[in-house]
Amino acid sequence: MKKWLALIVLVMSIGFLAACGQQEEKAASTGAKEELKKITVGASAVPHAEILEHVKAALKKKGIDMEVKVFDDYVLPNTALEDKQLDANYFQTVPYMEQFNKKHGTHIAGLDGIHFEPMGLYPGKEKRTEPKQGAVIAIPDDVTNSARALKLLETQGWIKLTPGKELNSITKQDIVENPKNVQVKEMQAAMLPRAVNEVDYAVINGNYAMEGGLTTDQAITMEKKDSDAAKQHANIISVRAGDENREDIKTLIEVLKSDDVKKFIEEKYKGAVVSVF
């Protein structure tokens, strides 16, 4: 009888311990899910989304589960942010953001700069480093990037611009000397890598050049690390006005501005992307 009682007690004890273990495991699992803060960040495919994907694991360790939503233009990431479909975006510069807010009535705020993408002058139908008379050069059609493109052409000696103007206020009307009578053709920035062989030359943003398979050694010239463009056109994390002090966004920036990310940028992009921290 005593043996039976002992066996019954043993079986009950094992069952009780197993049940407790299952409850603890379930509680731990539930707790982990509750601890993770979910955020959605919009980005251009290259390099922004790649950099964000690189830091996902580090963010999870800090309690943040990030979804990266990729966009292929410079408009939708801001409208989606304004409409609260995103918590932040990573694709633009401060001058572009300010122009966008002014034009579209949005309320987007810029935070820390992460990297700079040198713009490059790429050969198309013409391969020579000096343009022929009447050569057609395609440049981005948005205000800030077209100004950068024109400045790059001036640096190369192909045109001369109105002296003393602020970089972001330069337009085609500021071409005061044009000895080769080059024709500047404005196009949507994302289209330039596909259109480069339809024109003589194209000035292309770094991210779109990379997406189009272009490399820095193919460029005739690139913006320099110490240029006005580099100082003013770092790519930033942007949020809706009022969200600047969110802790999850601060954590995202902290992780992005790490030595690990700096090393990742240097090794992966080999000068086509330059960290600014």
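Helices (H or I, at least four residues) and strands (E, at least two) are DSSP runs, numbered from the N terminus. The model is predicted: local features need pLDDT of at least 70, side-chain atom pairs count only at pLDDT 80 or more, and totals for chains, interfaces and linings use all residues. Residue numbers start from 1 along each chain as its sequence is written, and side-chain values use heavy atoms, with hydrogens and water left out.

The protein has eleven helices and 13 strands. Of its 277 residues, 47% are buried (under 20% relative accessible area; exposed is over 50%, partly exposed in between; 1.4 Å probe, protein chains only). Contacts (heavy atoms within 4.5 Å) were also examined. Among those between residues at least 6 apart in sequence, 76% join residues at least 24 apart.

Five strands form an open sheet. Their order is 9-6-10-5-11, and the pairing is mixed (two strands pair if DSSP finds at least two bridges between them). Strand 9 (183–187) and strand 11 (221–222) are the edge strands, each pairing on one side only.

Strand 5 (residues 120–123) has two antiparallel partners in this sheet, strand 11 and strand 10. The pairing with strand 11 runs over two bridges. Here glycine 120 stands opposite methionine 222. The pairing with strand 10 runs over four bridges, and proline 123 stands opposite tyrosine 201. In a regular strand the side chains alternate between the two faces of the sheet. Both faces of strand 5 are covered. Gly120 and Tyr122 are buried on one side, Leu121 and Pro123 on the other.

Helix 6 (residues 143–155) lies across strand 5, strand 6 (136–140), strand 9, strand 10 (201–204) and strand 11. It runs at about 140 degrees to strand 6 (axes are lines fitted to C-alpha atoms, for helices over the stretch in contact; angles run from 0 to 180 degrees between N-to-C directions). Helix 10 (residues 247–256) is largely enclosed by the rest of the structure, because seven of its ten residues are buried. These are Asp248, Ile249, Thr251, Leu252, Ile253, Val255 and Leu256.

Pockets were located on a 1 Å grid over the protein atoms alone. A pocket is an open set of points where a 1.4 Å probe fits, with protein on both sides within 12 Å along at least five of seven lines; lining residues have an atom within 4 Å of a point. Grid points are joined across faces, edges and corners, and a volume is the space filled by probe spheres set on the points.

The largest pocket holds about 350 Å³ of space. It is lined by 16 residues, of which Val75, Tyr96, Lys103, Asp141 and Asp142 lie nearest its centre. Helix 5 (94–104) and helix 6 each supply at least two lining residues. The largest share, five residues, comes from helix 5. The lining divides into eight nonpolar, four polar and four charged residues (nonpolar: Ala, Val, Leu, Ile, Met, Phe, Trp, Tyr, Cys and Pro; charged: Asp, Glu, Lys and Arg; polar: the others, Gly among them).

The second largest pocket holds about 170 Å³. Its lining includes Arg148, Leu167, Met222 and Asp228. Helix 6, strand 11 and helix 9 (228–232) each supply at least two residues. Helix 6 gives the largest share, four residues. By class, this lining has four nonpolar, three polar and five charged residues.
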